[in-house]
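I opened the notebook to go through the side-chain contacts of one chain. The entries follow the order in which I looked things up.

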Amino acid sequence: MSLNHPARAFTATEIVTKLVKLEGWHLSGDGAAVVIEKTFRFADYAQTLLFVNTVAWLAQARNHHPELVVQFNRCTVRYSTHDVAGLSQADFDCAAAVDALPGADGPKLS
């Protein structure tokens, strides 16, 4: 099941308008190398890997794959749409879907 969005890069104004709706996501890079990214933090490596595997499943289901940088207790997720050399609706939809994943709001401390 892939996302059915027109394949076009957003303008700078569209990017800013959409980005303000995503808590904790920010722009990195520029031109064709621009991405939206967010770092998610976890209590330990096992929780980090559970998150990474869930993001991978989501990416396969949506046919839109982020770059993932995995460390012991955190994972940085980066989205861009290579087909349009920029950011598209798919990037923002997938970022929102990642935010909605269980545990994406960080570790629960007792």
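**Entry 1: cysteines**

I started with the sulfur atoms: that of Cys 75 lies 14 Å from the closest cysteine sulfur, in Cys 94, which is too far for a bond. The model is a predicted one, and I kept that in mind for every entry below. The cut-off for a disulfide is 2.5 Å between the sulfur atoms, so 14 Å rules out a bond between Cys 75 and Cys 94. Looking from the other side, I noted that Cys 94 is in no disulfide, with the sulfur of Cys 75 as the nearest cysteine sulfur. My count of disulfides for the structure is therefore zero.

I then asked whether these cysteines are buried or exposed. Cys 75 has 0% relative accessibility and counts as buried. Cys 94 has a relative accessible area of 1% and is buried too.

**Entry 2: helix H3**

Cys 94 is one of the buried residues of H3, so I listed the others, because under 20% relative accessible area counts as buried. They are Ala 90, Asp 91, Phe 92, Ala 95, Ala 97 and Val 98. What covers the buried residues of H3? I found that the cover includes helix H1 (12-19), S2, H2 and S4.

**Entry 3: salt bridges**

How many salt bridges does a search of the whole structure find? It finds four, and I wrote down three of them, starting with Glu 37 and Arg 78.

The side chains of Glu 37 and Arg 78 meet at 2.5 Å, N to O. Glu 37 belongs to strand S2 (residues 35-41) and Arg 78 to strand S4, so this salt bridge ties together parts that are 41 residues apart in sequence. Glu 37 counts as buried at 11% relative accessibility. Arg 78 is partly exposed, at a relative accessible area of 24%.

Arg 78 also has a salt bridge with Glu 67, at 2.9 Å, N to O. This pair links distant parts of the chain, with Glu 67 in strand S3 and Arg 78 in strand S4, 11 residues apart. Glu 67 has 43% relative accessibility and counts as partly exposed. I therefore recorded Glu 37, Glu 67 and Arg 78 as one network of salt bridges.

Next I looked at Lys 38 and Asp 99, whose side chains meet in a salt bridge of 2.8 Å, N to O. Lys 38 is in strand S2 and Asp 99 in helix H3 (residues 89-99), so the pair ties together parts that are 61 residues apart in sequence. Lys 38 counts as buried at 14% relative accessibility, whereas Asp 99 is partly exposed, with a relative accessible area of 26%.

**Entry 4: aromatic pairs**

I searched the whole structure for aromatic pairs and got six. For Phe 42 and Phe 51 the ring centres are 4.9 Å apart and the planes are at 40°, so the pair is tilted. Phe 42 and Phe 51 are both buried.

Tyr 45 and Phe 72 form a stacked pair, at 6.3 Å centre to centre and 5° between the planes. Where in the chain do Tyr 45 and Phe 72 lie? Tyr 45 is in helix H2 and Phe 72 in the loop between strand S3 (67-71) and strand S4 (74-79), so I noted a link between distant parts of the chain, 27 residues apart. Tyr 45 has 40% relative accessibility and counts as partly exposed. Phe 72 is exposed, with a relative accessible area of 52%.

I also followed the ring pairs from one residue to another. They link Trp 25, Phe 40, Phe 42, Phe 51 and Tyr 79 into a cluster.

**Entry 5: a nonpolar patch**

Which residues make the nonpolar surface patch of about 350 Å²? I listed Tyr 45, Leu 49, Val 70 and Phe 72. Tyr 45 lies in helix H2, which spans residues 45-62. Patch residues need over 30% relative accessible area; Tyr 45 passes because its relative accessibility is 40%, and Phe 72 passes because its relative accessible area is 52%. Tyr 45 and Phe 72 thus appear in my notes twice, as a stacked aromatic pair and as members of this patch.

Key. Residues are numbered from 1 along each chain as its sequence is written. This is a predicted model: local features need pLDDT of at least 70, side-chain atom pairs count only at pLDDT 80 or more; totals for chains, interfaces and linings use all residues. Side-chain values use heavy atoms; hydrogens and water are left out. Patches are made of residues with over 30% relative accessible area and no salt bridge: like charges are joined within 9 Å, nonpolar side chains (Val, Leu, Ile, Met, Phe, Trp, Tyr) within 5 Å. Accessible areas come from the Shrake-Rupley method with a 1.4 Å probe; for residues, only the protein chains shown count as cover. Helices (H or I, at least four residues) and strands (E, at least two) are DSSP runs, numbered from the N terminus. Buried means under 20% relative accessible area, exposed over 50%, partly exposed in between (1.4 Å probe, protein chains only). Rings of Phe, Tyr and Trp (its six-membered ring) pair if their centres lie within 6.5 Å; planes under 30 degrees apart count as stacked, over 60 as edge-to-face and the rest as tilted. Contact means heavy atoms within 4.5 Å.
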